[in-house]
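Subject: Structure for your attention

Dear colleague,

Please find below the structure that I am handing over to you. A short account of what was found in it follows.

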Amino acid sequence: MLAIALLLAGCGDAAYAPSTLSPQGFGAARIADLWWFLLALGGAVFIAVMVYLAIALFRPRKPGDNAKNQRNGSRVILFAGIIAPAIILFVVFGFTVSTLNAISTPSISREFTIHVVAQQWWWEVRYPYQQIETANEIHIPAGEPVRFLLSSEDVIHSFWVPELQGKLDMVPGKTHELWLQADQPGVYIGQCAEFCGIQHAKMRFIIVAEPPEEFERWVAEQRQPASEPSESLALRGQQVFLSSTCINCHAVAGTNATGDLGPDLTHLASRRTLAAATIANNRGNLGGWIADPQHIKPGAFMPPTPLTGPELQALLAYLATLK
Ligand code: CUA
């Protein structure tokens with residue numbers, strides 16, 4: 001067990017493998033407390049049993065032991081087999097119930113409600129109060145409890161930000177409610193936690209927790225329609241975009257691209273990642289993604305877009321203006 005633990009410890013890259021044991025929010029912290037308590041309790045029971053077993057195995061035998069052992073045996077069964085486990089289970093039950101109680105939903109102001117719709121294999125993110133829509137990158141104010149309404153368009157997914165809160169399933173036809181809070185500003189990785197098809201592992205998102213005034217600034221920017229390109233290359237790219245198959249699935253507010261099968265691209269260039277938070281949002285990755293999404297996420301529902309080199313360059317120049 002020790003060898004396995006040491007081997008696995010080498011696997012994680014902290015930036016990409018967030019741990020429930022480094023909680024950064026109230027909910028995750030209470031859950032981690034419970035985890036450490038259970039580990040300590042389970043460890044203590046394990047050590048007690050091992051010590052008792054060692055005594056029984058290695059104690060020198062004496063004449064008359066058998067009758068004495070029989071008397072002791074029934075006492076051992078009563079204490080170690082019934083009374084002690086009952087007390088331990090009662091304590092575990094109590095701690096679990098008090099943890100559940102501590103992480104039950106606090107009162108949350110109406111404007112901090114975010115609706116997340118899971119789809120194979122990305123996250124549609126809507127802010128009903130602020131009237132904005134984005135994808136795979138969820139901005140929240142730090143230090144505030146935020147309510148998430150979680151649903152799914154196709155199969156069962158699961159919403160999980162290990163450092164901030166426990167996970168919750170997203171079931172088609174239902175809306176589940178979860179709240180979380182990031183105590184400090186920062187970027188926290190979320191991951192789909194329910195196997196949902198071939199690209200389940202690459203169904204990630206990020207939570208960007210910001211100081212309240214920065215969050216407000218982000219909201220104000222996201223509420224703007226897409227900026228009109230001014231450069232000639234970007235203008236040509238806009239024509240490429242609007243005359244391609246892109247607009248069947250993607251929307252850019254203020255243009256006649258109104259598709260809603262894929263992520264809204266109105267503020268694509270403001271996002272840090274592409275392909276459900278699996279690659280960085282830069283020109284090279286975006287070009288590769290448009291030309292051949294199947295190379296990056298085999299099975300993804302975005303088809304390759306056949307474009308000539310100059311068309312792709314123009315399209316990338318246009319997409320870079322969607323700040
Ligand atoms: Cu969505 Cu796994």
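Leaving aside its neighbours within four places in sequence, which residues is Glu137 in contact with? The model is a predicted one, and in it Glu137 is in contact with Ile206, Val208, Ser270, Arg271, Arg272 and Thr273. Glu137 lies in strand β4, which covers residues 137-141. Its relative accessibility is 2%, so Glu137 counts as buried; the cut-off for that term is under 20%. The side chain of Glu137 also makes a polar contact, at 2.8 Å, with the side chain of His139.

I turn next to helix α3. This helix comprises 38 residues, 65-102, and at 1.5 Å a residue it should span 56 Å; the C-alpha atoms at its ends are 52 Å apart, which agrees. There is nevertheless a bend in α3, of about 30° at Ala84, and a proline, Pro85, follows within four residues. Asp65, Val92 and Thr99 are buried in α3, and the cover over the buried residues of this helix includes α2 (26-58).

Finally, there is a pair of packed helices to consider. Helix α5 (residues 232-242) packs against helix α8 (residues 309-320) at an angle of about 105°, and their axes are 7 Å apart. That angle makes α5 roughly perpendicular to α8. On the α5 side, the contact is made by Leu233, Ala234, Arg236, Gly237, Gln238, Val240 and Phe241. On the α8 side, Glu311, Gln313, Ala314, Leu315, Ala317 and Tyr318 take part.

Yours sincerely

Technical notes. Residues numbered from 1 in each chain as written. Predicted model: local features only at pLDDT ≥ 70, side-chain atom pairs only at ≥ 80, totals over all residues. Heavy atoms only, no water. Helix = DSSP H or I, 4+ residues; strand = E, 2+ residues; numbered from the N terminus. Expected span 1.5 Å × (residues − 1). Bend = angle between axes of the 7 residues up to and from the residue. Buried < 20%, exposed > 50% of the residue type's maximum accessible area, 1.4 Å probe, protein only. Contact = heavy atoms within 4.5 Å. Polar contact = N/O pair within 3.5 Å; in protein donor to acceptor, adjacent residues only side chain to side chain. Axes fitted to C-alpha atoms, helices over the stretch in contact; angles between N-to-C directions. Parallel < 35°, antiparallel > 145°, perpendicular 65-115°, else oblique.
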